[in-house]
Amino acid sequence: MIRDQETLNVLLDTLSRFVRERLVPAENEVAETDEIPADIVAEMRDIGLFGLCVPEEYGGLGLTMEEEVLAAFEIAKTSPAFRSLIGTNNGIGSQGLIVDGTEEQKRHYLPKLASGELIASFALTEPGSGSDAASLRTSARRDGDFYVVNGTKRFITNAPEAGIFTVMARTNPDVKGAGGISAFIVEKGTPGVHIGKRDKKMGQKGAHTADVIFENCRVPAANLIGGKEGVGFKTAMKVLDKGRLHISAICVGAAERMLEDALRYAIERQQFGQPIAEFQLIQAMLADSKAEIYAARSMILDAARRRDNKEDISTEASCCKLFASEMCGRVADRAVQIHGGAGYVSEYAIERFYRDVRLFRIYEGTTQIQQLVIARNMIRNAQV
Ligand SMILES: Cc1cc2nc3c(=O)[nH]c(=O)nc-3n(C[C@H](O)[C@H](O)[C@H](O)COP(=O)(O)OP(=O)(O)OC[C@H]3O[C@@H](n4cnc5c(N)ncnc54)[C@H](O)[C@@H]3O)c2cc1C
């Protein structure tokens, strides 16, 4: 749903210009230093990028899902690290509060997330539970007006920067699966919260992940999201449905950027006395990439509109994540191939993008988990 086309066009133009003029020129610096320059972070705050999806009453822009994916197509045309910094506040870090938080919790945290004053992370994965997230072992034991949290969370995006964490922990040790899990907001300064060393990653330099360790960490009971035990896994899954559509849109934007770079190179590069773009085997790679990007874009817009219409899009979100992330990997591979040897050295952005986009097939549910979700929903629907 697009609420006001003119207002949206202004936003999309602003994003597109910001990406082209400020972010693309800073890509190499971010890759070399593993940091996003402070002046760029400040500009991201000024433009309102941290609050794109936070509801307007809490200081954000309150984008609808359709508007959000259109914005994500633009933001993703540069290094994914920039998107990653604003991604958790707009998505997995804040959505738990937005969908299931109490009014008081929303009023307390969301305005600071929308302004970028505070960064939020989403802490579900653990050393022993990734795809099988419902088997998580972090515990939260009630003690008076507090919960005592113990456990380790792994690969947590923006953990080094975060001021708050949405943490899924088991409040009922007798219930082994999803039903024993609750969601909490844990502030970084709480005694017993430790952030591990930054992970050394294959790509996405400038975006940071780390372990988050809880040792007898006393979290006020008021920070139980929604004030209700046992529904934290459901909250996490609602967050991920939306997150999967967002990541799918990021895959499209990144693929569009890689294809633009490959097309430009193919037109400029001469072999056998002519531009390599004249060779039909190169044209096949360009055309297949274009068609697949178009397909992903179309399905994401369709799923986004359905979500805005309040339809259950669990299957569609997984279809989008599965197709768009795999598509992005194929486009990255072809774009390297079109660049030839130049695609394997870091002078051209494609070498970096090839590594950066590999993550999209892994996090927020691997490709295999998306396949399982789609098939499970198909079978369940066939049985009712
Ligand atoms: C850079 C980065 C950032 C991340 N950010 C966050 C974050 O902010 N918050 C957070 O909570 N997590 C985060 N994650 C964790 C991410 O979501 C998990 O890594 C992912 O869900 C996979 O879990 P795993 O790594 O434990 O792999 P595993 O679950 O061990 O999977 C290993 C392989 O087995 C396959 N597999 C597993 N189960 C099945 C099955 N039933 N059938 C078929 N195949 C299966 C998987 O598809 C995969 O190929 C991040 C990870 C990375 C690398």
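Two exercises with worked solutions follow, on salt bridges in this structure.

The model is predicted, so that local features need pLDDT of at least 70 and side-chain atom pairs count only at pLDDT 80 or more, while totals for chains, interfaces and linings use all residues. Residues are numbered from 1 along each chain as its sequence is written, and side-chain values use heavy atoms, with hydrogens and water left out.

**Exercise 1.** Work out which parts of the chain are tied together by the salt bridge between Arg257 and Glu27, and whether each partner is buried or exposed.

Solution. A salt bridge places a side-chain nitrogen of Lys or Arg within 4 Å of a carboxyl oxygen of Asp or Glu, and here the closest N and O atoms of Arg257 and Glu27 are 2.7 Å apart. Arg257 belongs to helix α8 and Glu27 to helix α2 (residues 27-33), so the pair joins parts 230 residues apart in sequence; helices are DSSP runs of H or I with at least four residues, and strands are runs of E with at least two, numbered from the N terminus. Next, buried means under 20% relative accessible area, exposed over 50% and partly exposed in between, with a 1.4 Å probe and protein chains only. Arg257, at 7%, is therefore buried, and Glu27, at 3%, is buried too. Both residues also belong to a salt-bridge network with Asp261, Arg264 and Arg352.

**Exercise 2.** Find which strands hold Asp143 and Arg218.

Solution. The side chains of Asp143 and Arg218 meet in a salt bridge at 3.0 Å, N to O. Asp143 lies in strand β2 (residues 139-143) and Arg218 in strand β7 (residues 209-220), so parts 75 residues apart in sequence are tied together.
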